[in-house]
Amino acid sequence: MSILITSGGTKIKIDRVRHIGNMSSGTFGSRIAEEALRGEQEVVFFRAENSKSPFSFNVNLESEASLARFYNALDFWKKKRHLYSEKTYNTFEDYMTGLKKLIEQHQPTAIVLAAAVSDYGVANFVDGKIRSKDSDLSIQLKALPKVISKVKSWAPNAYLVGFKLLVDSSDDDLISDAKKSIVENDCDMIVANDLRDIKNDAHRLIILKKKDLVPHIYTSLREDPNYLARTIITELTKGNA
């Protein structure tokens, strides 16, 4: 199976030196890619510039434990690099055009849209640098196209996994929005979660699939940081069997 995974967050330019972004570092997307590689899946990883990848690693040269993790990561890269390729994006436009191109080039079996994609763009972009002034600056926003809604037209036979992130929501809210996305975007599976749980280090996922719409709840394990990412790959593989 070949899996295209998006990760990180898009940027919206205000002028040629400033942008509006989001807090996504690509940690969860990189873990999903790592677990796909461990399962011997071919991975095309489409990540934001400077976001994490399954092979990125910070090393403390004075720590034996850190060095041991580094050598483990290096060994993992040597074993799995033949299964892996990546491209990067910066802005929303980069993401949308790049995703379409990668889908056309690789024809992936499954597509996992874990990236945090901007919903709004700047209508009054300045092609230059906005000068600092004493008065307030007004930024006009405009709705951007929903990229997820276009994916099945680019790859009708791919197994599409979308993500839904809400803030301070109930499980009923998450389930309702997940079902809505399955219908509106022709997703085969939706992974729904809440920012509150992520911030409280109690990450929970609600997974729904188009074939049955039965919600399944999974909770992170402190002793296994990749548990939820592995769960997504496991459920994707089941759904695509």
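Analyst: Let's begin with vocabulary: helices (H or I, at least four residues) and strands (E, at least two) are DSSP runs numbered from the N terminus. By that rule, the protein chain here has seven helices and twelve strands. This is a predicted model, in which local features need pLDDT of at least 70 and side-chain atom pairs count only at pLDDT 80 or more, while totals for chains, interfaces and linings use all residues. Residues are numbered from 1 along each chain as its sequence is written, and side-chain values use heavy atoms, leaving out hydrogens and water.

User: Where is Ser51, and why does Ser51 count as buried or exposed?

Analyst: Ser51 sits in the loop between strand E4 (42-48) and helix H2 (64-80). Buried means under 20% relative accessible area, exposed over 50%, and partly exposed in between (1.4 Å probe, protein chains only). Ser51 has 11%, so this residue counts as buried. Not counting residues up to four places away in sequence, Ser51 touches Gly8, Ser25 and Gly26, where contact means heavy atoms within 4.5 Å.

User: What makes Asn50 stand out, and why is Asn50 called exposed?

Analyst: Asn50 is not a glycine, yet has a positive phi of about 70 degrees. Asn50 also lies in the loop between E4 and H2. A relative accessible area of 76% is over the 50% limit, so Asn50 is exposed. Asp186, likewise not a glycine, has a positive phi of about 55 degrees. The place of Asp186 is the loop between helix H5 (171-185) and strand E10 (189-194). At 34%, Asp186 falls in between the two limits and therefore counts as partly exposed.

User: Why is Ala229 called buried, and which residues does Ala229 contact?

Analyst: Ala229, found in helix H7 (residues 227-239), has a relative accessible area of 0%, so buried is the right word. Leaving aside neighbours within four places in sequence, Ala229 is in contact with Phe28, Arg31, Ile32 and Glu35. Ala229 and Glu35 are 194 residues apart in sequence, but their C-alpha atoms are 6.6 Å apart in space.

User: How many aromatic pairs are there, and why is the pair of Phe28 and Phe163 called edge-to-face?

Analyst: The structure holds eight aromatic pairs. Phe28 and Phe163 lie 6.4 Å apart, centre to centre, with 80 degrees between the planes. Rings of Phe, Tyr and Trp (its six-membered ring) pair if their centres lie within 6.5 Å; planes under 30 degrees apart count as stacked, over 60 as edge-to-face and the rest as tilted, so this is an edge-to-face pair. The pair links distant parts of the chain, 135 residues apart: Phe28 in helix H1 (residues 27-38) and Phe163 in strand E9 (residues 159-166). Phe28, at 18%, is buried, whereas Phe163, at 22%, counts as partly exposed.

User: What makes Tyr89 and Tyr95 an edge-to-face pair?

Analyst: Their centres are 5.1 Å apart, within the limit for a pair, and the 75 degrees between their planes is over 60, so edge-to-face applies. Tyr89 is buried at 1% relative accessibility, and Tyr95 is buried with 1% too. Elsewhere, ring pairs link Phe45, Phe55, Phe76 and Tyr84 into a cluster.

User: Why does the radius of gyration agree with a compact globule?

Analyst: The globule rule, 2.2 Å times the number of residues to the power 0.38 over C-alpha atoms, gives a value near 18 Å for 241 residues; the protein chain has 19 Å, so the two agree.
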